[in-house]
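Me: I am new to this structure and would like to learn how to read it. Could we go through it together, one feature at a time?

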Amino acid sequence: MAIIRKVLSILLVLEFAGFSRLAGGEPVAKPVDLLIRGAAVVTMNSDHDLFDPGYVAIDKGRIVAVGPVSELAGTRLRPRNIHDARGTVILPGLVNGHTHLAMTLLRGIADDLDLQEWLNRFIFPAEAKNLTREYVAAGTRLGLIEMIRGGITTYADMYYFEETVAEETKRAGLRAVLGQTMIDFPVADSRDWSEAMSRTESFIRRWKGDPLITPAPAPHALYTVSGDHLRQARDLAARHGVPLLTHLAEAPTETEYSLANFHLRPTAYLEQLGILNVPTILAHGVQLDQAEIGLLRKREAGIVHCPQSNMKLSSGTAPVPAMLKAGMRLGLGTDGAASNNDLNLWEEMDTAAKLHKLISGNPTAVSAVQALEMATIGGARALHLDDRIGSLEKGKLADLIVVGLDAPHQTPVYNLYSHLVYATKASDVRDLMVGGKWVMKRRRLLTLAEQPAMQEARLYRDKVARSLGLER
Ligand SMILES: [Zn+2]
């Protein structure tokens, strides 16, 4: 008996030390790179599992286990590093489904204007006079810093010199779907359509298969790119197995243009061209009717709702409750900083949840859970990355954030979902990890230098202001 007791106690010690037994009886451990434990873990999986206190185990950049701390002893995990996260919440990194990152340099250049006046008097001239590779790099760095500080681990971008955006994003360690903008008039990085096609194709060839960057063609919109050119962009996406990004149904003027020129509503026109046959990421969807929602659902299109940008430019209100009911791939986006004027997805969640209650006259429309879904797993679905990111589940990539709960505006806590959507601020994000690598720890940036990026942006501000003859 004494021997048996001794053997049992040795086994217990081994168990505690992280060893388990093989079928044959030999003990084996499950070594993992990192164990984060003690926080409330909001998984955003399909069952909405919430473990409080919970743990997340990470190995080789992936989540290998997630669950309640009470079950940790039975897992036989042997972590090389332990991150004690008591008093915080861990959730999937936020997904900013639509932005033009380098437009951070035009933040606040002109506000409270009609869309066409805003574009023609300020945005287009400012870009025509200032846009270079270096400008895009500077604007991207500033935008990356703002997004990291606000808990965004993945984003979708549409702009010029997208290879520069890719380089900066890769260096920063963030995940992104990057769309090279293609448009039917001369722009800073292409003189004409054929140059836009060739630079987009070489961009896709260069970045295809990268673990962080998904390159894509991004024809600007159906009113700035001809039908033939839209088809060529689709063929390019199909040939390389990448998604296609564009703006869709942003404003009534676009619907009028489509009806007048093609005798079809915008979505039916894209369908006729065969654009929806490849995985698409469509920004806005403000003007969609029920038939268009049905068609986009059938084609598995990703839609990105940008409530603050739509409100600021008075574009209208996207039919989000109907899109949620239809089960669409629906994410949230900030749009560019010039029309928002920040890259804060916490505000977009809060705005989305409240805007649709107001418009529908129904306080149960777009719940806090649904808003958080749009910012995490919904955004991952909209970007066609939901097999890899968007929720904290075994097998997914370790893209996550740790959010503090100890500020006055976070006190006390009754319901974590409503708390995250209606009370949490971007400044509450403490730590951020992408693919198992820390990008921010205790609000210290590990991959980017903040002060030089801000100083550079101020210098560009003066240059842009001078080029437009604006007063200081
Ligand atoms: Zn946009």
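Me: Which residues are the protein donors of the zinc ion, and how far from it do they lie?
Reply: Happy to help, and keep in mind that this is a predicted model. The donors are H98 (NE2), H100 (NE2), H247 (NE2) and D335 (OD), and they lie 2.1 to 2.6 Å from the zinc ion. Along the chain their spacing reads H-x1-H-x146-H-x87-D. H98 belongs to strand 9 (residues 94–99), while D335 sits in the loop between strand 16 (329–332) and helix 12 (345–360), so this pair ties together parts 237 residues apart in sequence.

Me: Are H98 and D335 buried or exposed?
Reply: Both H98 and D335 are buried.

Me: What is the arrangement of the four donor atoms around the zinc ion?
Reply: A good start is the ideal: four tetrahedral donors would give angles of 109.5 degrees. Here the angles run from 83 to 174°, which makes the arrangement irregular.

Me: How many cavities does a search of the whole structure find?
Reply: The general idea is that rolling a probe the size of a water molecule over the atoms shows where empty space is left. In this structure the search finds three cavities of 30 Å³ or more, and the largest holds about 360 Å³ of space.

Me: Which residues lie nearest the centre of the largest cavity, and what lines it?
Reply: Its lining has 22 residues, with H100, M103, L119, H220 and H247 nearest the centre. Of the lining residues, twelve are nonpolar, seven polar and three charged. Helix 2 gives the largest share, six residues. Helix 2 (115–130) and strand 10 (152–159) each supply at least two. You can also spot H100 and H247 among the zinc donors.

Technical notes: Residues numbered from 1 in each chain as written. Predicted model: local features only at pLDDT ≥ 70, side-chain atom pairs only at ≥ 80, totals over all residues. Heavy atoms only, no water. 1 Å grid on protein atoms, 1.4 Å probe; cavity = no way out; pocket = protein on both sides within 12 Å on 5 of 7 lines; lining within 4 Å. Points joined across faces, edges and corners; volume = space filled by probe spheres on them. Helix = DSSP H or I, 4+ residues; strand = E, 2+ residues; numbered from the N terminus. Nonpolar A, V, L, I, M, F, W, Y, C, P; charged D, E, K, R; others polar. Donors = N, O, S within 2.8 Å, 3.2 Å for Na, K, Ca; no water. Tetrahedral: all angles 85-135°; square planar, octahedral: opposite > 155°, others 65-115°. Buried < 20%, exposed > 50% of the residue type's maximum accessible area, 1.4 Å probe, protein only.
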